[in-house]
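Me: I would like to go through this structure by question and answer. Please keep to what can be computed from the atoms.

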Amino acid sequence: MRRYGKHTDEDDVRVRPSRKGNRPRSSIRPKHEDAADGMVLTVDRGRLTCLVEDRVVMAMKARELGRKAAVVGDRVALVGDLSGSKDTLARIVRIADRTSVLRRTADDDDPFERVVVANADQLAIVTALADPEPRPRLIDRCLVAAYDGGLEPLLVLTKSDLAPPDKLLELYGDLDIPFVVTSREELENGDAADRVREQLDGKITAFVGHSGVGKTTLVNALVPEERRRSTGHVNAVTGRGRHTTTSALALPLTESDGWVVDTPGVRSFGLAHIDPSRVIHAFPDLEPGTEGCPRACSHDEPDCALDEWVATGHADPARLYSLRRLLATRERHEGD
């Protein structure tokens, strides 16, 4: 046992450092007033590729953001190495409020909500007129998600050389949704891209569509391969790239101020995150007919005023069928 003399100030006493550190904890966080503004282009296993001015910068989310996640289209503030050089990593310290959100679930029984794109202005729903056959129910689901998330819809109908667009356009004619009709030849020679680009100028547009409808071909025509390669940055940690169709990727349009967000092909578009009472807002051709409905009408009962609204020719019966099918699916989910 060590013994000390009569002097009690004992400057030579060794103090064992605390495992948690000797600095007192503080709830005050740095304001990062010098942080640079950027936009998230793609997310890959915890690494976020961002555009800062004219540089592509790899970044990670700062710990102080907690569980708040950034997605493609988010406006963020970054600190750290913003040079964009190889093997550098910045930090995202703030995520700005979103003006719109495109969300989906895997299916209507999946409680896990996925935010696909933030801050997009419109949703381009790419549908083939044949091979594969058009899926109006999927279109309706995308419309519900678009209206609920604050995006304007755009219909892009491909393969008009295999089937006419009249029947499908008639189904959505009363909604006043802008549309573009293209053929396979036009996709190959670039004419389709020129017409679609007119609808995208000055906007951020998310593209959705299931496999085989020509979505990837169209996006490739809108954004040349060299632009895709420069934007689809390689992972700074693993050194490996990732195929651009496996995760959402924001791409700047050539000869335009717009952006295209290419999303992975979807087999289904779940709406578990949407309150059933808001589904009717995606059917503006039916919504005026609900004024005569009884209070708390489910829109699928004998006294529902929508039956008379459709019977008197105000809307297509297929639209009412689609609404009730969506509502029935949501009600089954709520009752599980």
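Me: How many cavities of 30 Å³ or more does a search of the whole structure find?
Reply: This is a predicted model, where local features need pLDDT of at least 70 and side-chain atom pairs pLDDT 80 or more, while totals for chains, interfaces and linings use all residues. Residues are numbered from 1 along each chain as its sequence is written, and side-chain values use heavy atoms, without hydrogens and water. A cavity is a set of points on a 1 Å grid over the protein atoms alone where a 1.4 Å probe fits but cannot get out; grid points are joined across faces, edges and corners, and a volume is the space filled by probe spheres set on the points. With the threshold at 30 Å³, the search of the whole structure gives 1 cavity.

Me: Which elements give two or more residues to the lining of the largest cavity?
Reply: The largest cavity holds about 60 Å³ of space. Its lining (residues with an atom within 4 Å of a point) consists of I125, V126, T127, R135, L138, I139, C142, V208, G209, H210 and V266. Helices (H or I, at least four residues) and strands (E, at least two) are DSSP runs numbered from the N terminus; those giving two or more residues here are strand 8 (122-128) and helix 1 (136-149).

Me: Which element gives the largest share of the largest nonpolar core?
Reply: A nonpolar core is a set of buried Ala, Val, Leu, Ile, Met, Phe, Trp, Tyr and Cys residues joined through side-chain atoms within 4.5 Å, buried meaning under 20% relative accessible area with a 1.4 Å probe, protein chains only. The largest one has 55 residues, of which L102, L123, F283, L286 and L323 touch the most other members. The largest share of this core, 7 residues, comes from helix 1.

Me: How many residues are in the other core?
Reply: That core lies apart from the largest one. Among its members are A124, V180, L218 and V223. The count is 21 residues.

Me: Why is C293 not bonded to the closest cysteine sulfur, and how many disulfides does the count come to?
Reply: C293 is buried, at 15% relative accessible area, and C304 is also buried, at 4%. A disulfide is a pair of cysteine sulfur atoms within 2.5 Å. The sulfur of C293 has its closest cysteine sulfur in C304, 3.9 Å away, so the pair is too far apart for a bond. By this rule the count is 0 disulfides.

Terms used:
Buried means under 20% relative accessible area, exposed over 50%, partly exposed in between (1.4 Å probe, protein chains only). On a 1 Å grid over the protein atoms alone, a cavity is a set of points where a 1.4 Å probe fits but cannot get out, and a pocket is an open set with protein on both sides within 12 Å along at least five of seven lines; lining residues have an atom within 4 Å of a point.
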